[in-house]
Amino acid sequence: RPSVGIFRGADRGFAAWPLLFMGEPEVGYYQDQIQSIQQIFAKYDDECIGKISLPKIPELLQELGRTKEVGDAVQNALTMSTVASATFEEVVQALKQHEVQGYMPQDAGAPPPDSTITPLTLMQRLDEYRQKCEEIGEYTEAKRARMKFEELKRQEELRQKRLVEQAQLHEMNEVEQAQKQQFLEFSAAWDRYMADYESTAYMSLERLKEQHAQDFAEFQDRAAKTSPIFKGSRGLLALRAKQEALAKLHRYAEATQVKKEADDMEKWEMAKAASERDGRLQRKEAKLRGSQQKALSALLKRIQRDRAEQIRHRQADSQRLIQRNKNLKMDLGKKQHAEFQRAELAIRSILSQPHEAQKLLDDNDPSYVARCAATGELPTWPAKGPKYQGSKLPKNYRPPGAVAGGRVPPRSAID
């Protein structure tokens with residue numbers, strides 16, 4: 001069956017065409033009337049068992065538009081089969097056989113009608129019967145056969161057109177289903193791609209966060225392991241030197257006083273140094289966190305930008321796919337319209353010449369004839385007589401002036 005982007009073969013959509021030549025033995029050209037017969041049949045099926053009694057058959061067929069004689073003939077035919085009631089299929093088959101026999105030549109030695117008769121062979125027999133009636137002067141029968149021929153031709157033409165339309169509709173539905181399946185696969189592929197992209201983006205974010213956490217931990221370890229180096233100021237060093245000098249001079253009271261002043265200054269300077277160190281560490285930490293936040297923001301922006309770009313690509317691909325499918329359906333519709341017109345001409349040509357069509361089927365494969373009819377190029381009709389050939393010059397004809405071989409001889413040679 002056709003898939004997206006693949007439409008090969010001129011006989012596409014005409015798989016039902018061989019029915020014109022092979023027929024459907026069960027229903028034939030009565031297929032249009034089966035539904036109405038079923039509805040009327042149900043009215044006479046009092047017991048709702050799918051059967052009606054034989055005495056009700058004439059009344060049933062009269063309601064279907066047949067004559068009482070036809071109803072009696074169908075009833076007699078079913079009575080011969082020793083049944084008290086008949087099913088819907090039995091009534092339809094008996095009616096079909098009776099009407100086929102009614103329009104066939106009633107020769108004494110004629111063989112019984114073929115139960116697998118096709119519409120084409122039935123039209124051929126009706127045409128032969130009409131010609132025979134015209135030869136013997138039975139013009140009433142000839143008119144009756146002609147009317148039945150035209151009715152059968154019209155019904156068969158409508159049936160074949162419906163078959164072509166159904167085949168084309170089935171083909172269009174299959175194309176639509178294939179396009180839907182293709183779009184679902186397209187969406188599923190994009191969903192998988194976006195899911196992989198989101199997973200990759202999430203993993204990138206997690207790796208960056210882990211790296212940032214590791215860098216921050218290393219920074220804290222370095223800060224904890226670094227021991228503060230304290231260097232006293234010049235005033236503190238001067239006090240310590242004065243303290244030692246006083247102690248050497250055994251001036252202990254003054255040395256104690258200087259020591260107290262030096263200790264107080266040292267505590268203040270150590271607190272100041274610790275405060276400055278903590279401030280430096282905080283600034284370094286803030287700088288590290290700021291750089292990490294910038295890196296994380298840059299990664300998030302890059303992911304968002306790539307995500308938006310992928311979404312735009314998906315929308316563009318989706319629009320292209322939808323437009324391509326629309327163009328494909330439009331081209332298929334135009335091609336089907338042209339094929340239907342060619343098929344309509346081929347149907348009319350075949351049904352208008354049942355004898356030549358039958359010869360064509362005898363000489364060629366029915367499926368090959370169906371494909372040729374679908375393309376509007378039927379094989380050559382069998383010739384009815386010898387092929388016409390245009391007028392020719394005699395074999396011993398010589399052009400005037402002694403012209404031979406496209407050359408004119410000199411005057412001396414002619415003389």
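# A walk along helix H7 and its partners

Arg 222 sits in helix H7, which covers residues 139-225. Hello everyone, that residue is where I would like to start today. Please keep in mind that what you see above is a predicted model.

So, what about the surroundings of Arg 222? This residue is partly exposed, because its relative accessibility is 49%. On the surface, Arg 222 gathers with Arg 280, Arg 283 and Lys 284 in a patch of positive charge. Which element gives the most to that patch? Helix H9 does, with 3 residues. Keep helix H9 in mind, please; we will come back to it.

Let me step back for the whole protein. How many helices and strands are there? The protein has 12 helices and 2 strands. Reading from the N terminus, the order is α-α-β-α-α-β-α-α-α-α-α-α-α-α. The protein has 415 residues, and 33% of them count as buried. Its accessible surface is about 27600 Å², and carbon and sulfur atoms account for 54% of that. Here is a number about how the chain meets itself: among contacts with a separation of 6 or more, 73% are between residues 24 or more positions apart.

Now to the part I enjoy showing, the salt bridges. The structure holds 20 of them, and I will follow a few that are linked.

We begin at Glu 157, which is in helix H7. Is Glu 157 buried or exposed? Its relative accessibility is 13%, and buried means under 20%, so Glu 157 counts as buried. The side chain of Glu 157 meets that of Lys 161 in a salt bridge, with N to O at 3.4 Å. These two residues both lie in helix H7, 4 residues apart, and that is about one turn of the helix. Lys 161 is buried too, because its relative accessible area is 15%.

Where does the chain of partners go next? Lys 161 also forms a salt bridge with Glu 344, and here the closest N and O atoms are 2.9 Å apart. This pair links distant parts of the chain: Lys 161 is in helix H7 and Glu 344 is in helix H9, 183 residues apart.

From Glu 344 we go on to Arg 348. Their side chains meet in a salt bridge as well, at 2.9 Å from N to O. Why is about one helical turn between them? Because Glu 344 and Arg 348 are 4 residues apart in helix H9. Arg 348 is partly exposed, since its relative accessible area is 39%. Put together, salt bridges that share partners join Glu 157, Lys 161, Glu 344 and Arg 348 into one network.

Before we leave Glu 157, which residues does it touch beyond those up to four places away in sequence? It touches Ile 347, Arg 348 and Leu 351. You may recognise Arg 348 as a member of the network we just followed.

Let us stay with helix H9 and look at Val 258, which has its place there. Val 258 counts as buried, because its relative accessibility is 5%. Apart from neighbours within four places in sequence, Val 258 is in contact with Leu 239, Lys 242, Gln 243 and Leu 246. Take Gln 243: in sequence it is 15 residues from Val 258, and in space the C-alpha atoms are 5.7 Å apart.

Next, please find His 250, in the loop between helix H8 (234-248) and helix H9 (252-352). What is its phi? The phi of His 250 is near 60°, a positive value in a residue other than glycine. Why mention that? Because most residues other than glycine have a negative phi. His 250 counts as exposed, because its relative accessibility is 57%.

My last stop is earlier in the chain, at Glu 63 in helix H3, which covers residues 57-63. Glu 63 is partly exposed, since its relative accessible area is 35%. Leaving aside neighbours within four places in sequence, Glu 63 is in contact with Ile 40, Lys 43 and Tyr 44. For Ile 40, the distance to Glu 63 is 23 residues in sequence, and 8.0 Å in space from C-alpha to C-alpha.

If you take one picture home, let it be the network of Glu 157, Lys 161, Glu 344 and Arg 348. Thank you for listening!

Definitions and conventions:
Residues are numbered from 1 along each chain as its sequence is written. This is a predicted model: local features need pLDDT of at least 70, side-chain atom pairs count only at pLDDT 80 or more; totals for chains, interfaces and linings use all residues. Side-chain values use heavy atoms; hydrogens and water are left out. Buried means under 20% relative accessible area, exposed over 50%, partly exposed in between (1.4 Å probe, protein chains only). Patches are made of residues with over 30% relative accessible area and no salt bridge: like charges are joined within 9 Å, nonpolar side chains (Val, Leu, Ile, Met, Phe, Trp, Tyr) within 5 Å. Accessible areas come from the Shrake-Rupley method with a 1.4 Å probe; for residues, only the protein chains shown count as cover. A salt bridge is a side-chain nitrogen of Lys or Arg within 4 Å of a carboxyl oxygen of Asp or Glu. Lys and Arg count as positive and Asp and Glu as negative; His and the chain ends are not counted. The place of a charge is taken as NZ of Lys, CZ of Arg, CG of Asp or CD of Glu. Contact means heavy atoms within 4.5 Å.
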